[in-house]
There are 2 protein chains.
Amino acid sequence: MTKQKAVVILSGGLDSTTCLGIAMDAGYDVYALTFDYGQRHRVEIESAKKVAAFYDVKQHQIAQLPFLRTIGGSALTDDRIDVPHTGVVDHEIPVTYVPARNLIFLSIATAYAEVVGAEAIYLGVNALDYSGYPDCREEFIDSFAHAATLATKVGTMGGTLHVMTPLLHLTKAEIITLGTTLAVPYELTSSCYEGEAVACGVCDSCRLRLKGFAEAMLQDPITYAHAR
Amino acid sequence: MTKQKAVVILSGGLDSTTCLGIAMDAGYDVYALTFDYGQRHRVEIESAKKVAAFYDVKQHQIAQLPFLRTIGGSALTDDRIDVPHTGVVDHEIPVTYVPARNLIFLSIATAYAEVVGAEAIYLGVNALDYSGYPDCREEFIDSFAHAATLATKVGTMGGTLHVMTPLLHLTKAEIITLGTTLAVPYELTSSCYEGEAVACGVCDSCRLRLKGFAEAMLQDPITYAHAR
């Protein structure tokens, strides 16, 4: 029996790797898609390659998106803006928000899904930790799925392109607990905004990850430069 | 008084150049955006540069999208698929359809609009000549505008990102007539799918253009290799 296909947007971080584990567990043939958009934490692309190899995915594509760095507008793509170490996640739009990033990622994943014949796209967005990011909200995801279905062949044939966001309403601890039951290889992932070979342990992304492991009462298998 | 800003997606072809003329006429400060997606008719990128210079736009960005060529799936990005010379435009999805192209173009234009503070995006889609392209349908455009508004800062502030498609329901002859009244420099544009320095005059895109000028009872100022 031919398995259904899914495109998984894989950054190499904890959330997207958990998503990949969920898609594998659901029985999909996975087509992993990683974006090189000039992010300062490019080390995550190497993590994505290791994760894709671990899961022996059908195909792993790395799409170059230099334009996001050209236009800037985010601490993650503009070297003139520092990444935050506030430890505070509030409801303002953070400086790490990359303009329309999920919109662009999902659009390119839609093209990839259409070419390989995938019925679903997995995206590891989370509405709790990133409540200030407009493109992490459920209403955006639902709206996008509708637009993407209309934009492609599947929509003209009465079908639907499914956008799966299994982590949307989970806390970081719940994500880690779920991933651990699925044997997700967290030792291969990287989450640090600073993008050094060893995670800093103090940027907001590291703090969020460490807090998640602590709350899940699990040990984070990666090494940190600044042990807490 | 500060003028409003608009992003104009500019391929260098007849339709997008007319759109730029319309946006200029509406009084916008224009930020032109051209995509280099490995299209075989790359000569249109040179046309886009000339058109942008003609209109003295505020900024002209050329975004590289090599991934569309990597995944293929269209006669415009895959050298193994011939461009059509049938002279027949039917309601099947044509081989020149590039998977989710307008979805991707609009998504990147949304990021650009957010960074420069533009309130509108102009796209020269046409639902008559390209009725077989799912992403040229009005319901897709409306649905996308909704998703893009939700994805960006403007949506969180109660605003709307406007997606302007002034050519959507016009015939090619009507587009040319309108553009001519706006003094659109059609001599700088290129439409041929083959992408040679001189337009072939026989591919479906050349045929559509020539038919439009004939019906508008106007002279096409560009040169064709095969005069009809």
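## Helix α5, the chain interface and the sheet of chain A

In this predicted model, helix α5 of chain A runs over residues 138-151, and its 14 residues reach 20 Å from the first C-alpha to the last, close to the 20 Å expected at 1.5 Å a residue. The helix is mostly covered, since 11 of the 14 residues of α5(A) are buried. Among them are the aromatic-to-aliphatic run of names F140(A), I141(A), F144(A) and L150(A), together with S143(A), H146(A) and T149(A). What do the buried residues of α5(A) pack against? Within chain A the partners are α4 (101-116), α6 (153-156) and β5 (162-164), while from chain B both α4 (101-116) and α5 (138-151) take part.

The contact between the two chains involves 39 residues of chain A and 39 residues of chain B. On the side of chain A that touches chain B, at least two residues each come from β3 (59-64), α3 (66-71), α4, α5 and α6. Of these elements, α4(A) gives the most, with 10 residues. Sorted by class, this side of chain A has 21 nonpolar, 13 polar and 5 charged residues.

Chain A as a whole contains 8 helices and 5 strands, which follow one another along the sequence in the pattern β-α-β-α-β-α-α-β-α-α-β-α-α. The 5 strands of the open sheet stand in the order β3-β2-β1-β4-β5 with parallel pairing, and the edge strands are β3 and β5 of chain A, each of which pairs on one side only. From one strand to the next the twist averages 25 degrees. Within the sheet, β1(A) and β4(A), the latter covering residues 120-122, pair in the parallel sense over 3 bridges, and A6(A) stands opposite A120(A) in β4(A). Helix α1(A) lies across β1, β2 (29-36) and β4 of chain A, and its direction is at about 170 degrees to β1(A).

An unreviewed UniProt entry lists a "binding site" whose positions include L10(A), S11(A), G12(A), G13(A), T17(A) and T18(A). Two of the listed positions, L10(A) and T18(A), are set side by side below.

| Residue | Place and C-beta neighbours inside 10 Å |
|---|---|
| L10(A) | loop between β1 (5-9) and α1 (14-25) of chain A; 32 neighbours |
| T18(A) | helix α1 of chain A; 24 neighbours |

L10(A) counts as buried because 32 C-beta atoms lie inside 10 Å, and T18(A) counts as buried because 24 do, the cut-off being 20 or more. Residues up to four places away in sequence being left out, L10(A) touches S16(A) and L20(A), as well as A32(A), L33(A), T34(A), A48(A), V51(A) and A52(A). For T18(A), with neighbours within four places likewise set aside, the contacts are G124(A), L167(A), I175(A), L178(A), G179(A) and V184(A).

Over the whole of chain A, buried residues make up 52% of the 228 residues. Among contacts in chain A between residues at least 6 apart in sequence, 70% join residues at least 24 apart.

Note on methods. Residues numbered from 1 in each chain as written. Chains lettered and ligands numbered in written order. Predicted model: local features only at pLDDT ≥ 70, side-chain atom pairs only at ≥ 80, totals over all residues. Helix = DSSP H or I, 4+ residues; strand = E, 2+ residues; numbered from the N terminus. Expected span 1.5 Å × (residues − 1). Buried ≥ 20, exposed ≤ 12 C-beta atoms within 10 Å, placed from the backbone. Contact = placed C-beta atoms within 7 Å. Nonpolar A, V, L, I, M, F, W, Y, C, P; charged D, E, K, R; others polar. UniProt positions renumbered as here; feature names shortened; annotations may be inferred. Pairing = 2+ DSSP bridges. Axes fitted to C-alpha atoms, helices over the stretch in contact; angles between N-to-C directions.
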